[in-house]
Amino acid sequence: MRRRVGVAVALAVLALAGCSSGSSGGSEAAVAPQADQARPGAATQPKGGATQGTGQNSGQHTAAETIAQNRQLVRTATMDLRTSDVTGVLARAKELAIAEGGFPAQENATQGHGTVTLRVPGDRLDAVLKSLTELSGVDVARREVRTEDVTEQVVDIEARLANQRASVERVRGLLERASSTSEITQIESELTKRQTELESLQRRHDSLKGQVALSTLTVTVASKGAPVNVPEEENFLTALGGGWDALVGAVSWLLVVVGAVLPFAVVLGTPLVAYFVWRRRRKAAVIP
């Protein structure tokens, strides 16, 4: 009985430790870079006044460059091109992506229109965009690049991953020391739960790192003279127009149903109406 109570207490302590380490891990990860950034500036302070100012400036520049290099950026880009050779430009776009270490992920092409989705290394996206704009016989109708900074998300998930791995190892240690069947069952249940959380965090981390490593570039190529499909911004008027179209469609559908049912209603309803009228008159004649 004492052993079971001890195991239960140990599991409760582990749960509290996991929660506290999860909350403190992010703060430690956030404080650590600040401490590291502060050390170079403090270490490079010379004794001379003018030299000291130069050292501080260089230290600040170095810290800023380090932070910029460690940024985790998810970049997506879209380009609309116009050319007389749609197939050739699509093939050229895929070649440019492959030359920069990327690959074509999806392609959809017809005779006068085509779209290809390219996965390109994040640091080579600008080079691919520049090469596409420099293709001969190609006009750029639209170009859009979006950047999302996910540095804080990556740092937070990495800290939680480290804490979760340590938590799993602690529960495994308890499992090795368990002696009864009930203890083993309880600890295995807790171990499975923590391993599931660890795998979920690992998938999220891998997904974010994959988006950072490979940017997504969507290239749309159409024949010259074709209309440019610019996405319309959502506002009150567009929402009102969409609602009106839905209402018209619903009324049209209802009219179709009524038109289909009306002949049956006339054929079947006329005898029924005549029967009810005859029955009412008969009852009225019977009653004195």
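Visitor: Is glutamate 144 buried, partly exposed or exposed, and what is its relative accessible area?

Guide: Glutamate 144 is partly exposed, because its relative accessible area is 27%. Buried means under 20% relative accessible area, exposed means over 50%, and partly exposed lies in between (1.4 Å probe, protein chains only). This is a predicted model, in which local features need pLDDT of at least 70 and side-chain atom pairs count only at pLDDT 80 or more, while totals for chains, interfaces and linings use all residues. Residues are numbered from 1 along each chain as its sequence is written, and side-chain values use heavy atoms, with hydrogens and water left out.

Visitor: Which side chain meets glutamate 144 in a salt bridge?

Guide: That partner is arginine 146, at 2.7 Å from N to O. A salt bridge is a side-chain nitrogen of Lys or Arg within 4 Å of a carboxyl oxygen of Asp or Glu. Arginine 146 is exposed, with a relative accessible area of 55%.

Visitor: Which residues are linked with these two in a network of salt bridges?

Guide: The network links Asp80, Arg142, Glu144 and Arg146. Within it, aspartate 80 forms a salt bridge with arginine 142, and their closest N and O atoms are 3.1 Å apart. Aspartate 80 lies in strand S1 and arginine 142 in strand S4 (residues 138-149), so this pair ties together parts that are 62 residues apart in sequence. Helices (H or I, at least four residues) and strands (E, at least two) are DSSP runs, numbered from the N terminus.

Visitor: And are those two buried or partly exposed?

Guide: Aspartate 80 counts as buried at 6% relative accessibility, whereas arginine 142 is partly exposed at 21%.

Visitor: How many salt bridges are there by this rule?

Guide: The count comes to 12. One of the salt bridges joins the side chains of aspartate 126 and arginine 75, at 3.0 Å from N to O. Aspartate 126 lies in helix H4 (residues 125-133) and arginine 75 in strand S1 (residues 73-83), so the two tie together parts that are 51 residues apart in sequence. Aspartate 126 is partly exposed at 42%, while arginine 75 counts as buried at 15%.

Visitor: How many residues of S1 are buried?

Guide: Eight of the 11 residues of S1 are buried, and the strand is mostly covered.

Visitor: In what sense do S1 and S4 pair, and how does S1 run with S5?

Guide: S1 and S4 pair in the antiparallel sense over 11 bridges. S1 and S5 run parallel, joined by eight bridges. Two strands pair if DSSP finds at least two bridges between them. Threonine 78 stands opposite glutamate 144 in S4, and threonine 78 also stands opposite threonine 218 in S5.

Visitor: Where is serine 215 found?

Guide: Serine 215 is in strand S5 (residues 214-223). Serine 215 counts as buried, at 0% relative accessibility. A polar atom of its side chain lies 3.5 Å from the backbone oxygen of arginine 75. Leaving aside residues up to four places away in sequence, serine 215 touches Arg75, Leu118, Arg119, Val120, Pro121, Gly122 and Leu125; contact means heavy atoms within 4.5 Å.

Visitor: A change of topic: where does tryptophan 244 lie, and is it buried or exposed?

Guide: Tryptophan 244 lies in helix H7 (residues 236-286). Tryptophan 244 is exposed, with a relative accessible area of 55%.

How values were computed:
Polar contact = N/O pair within 3.5 Å; in protein donor to acceptor, adjacent residues only side chain to side chain.
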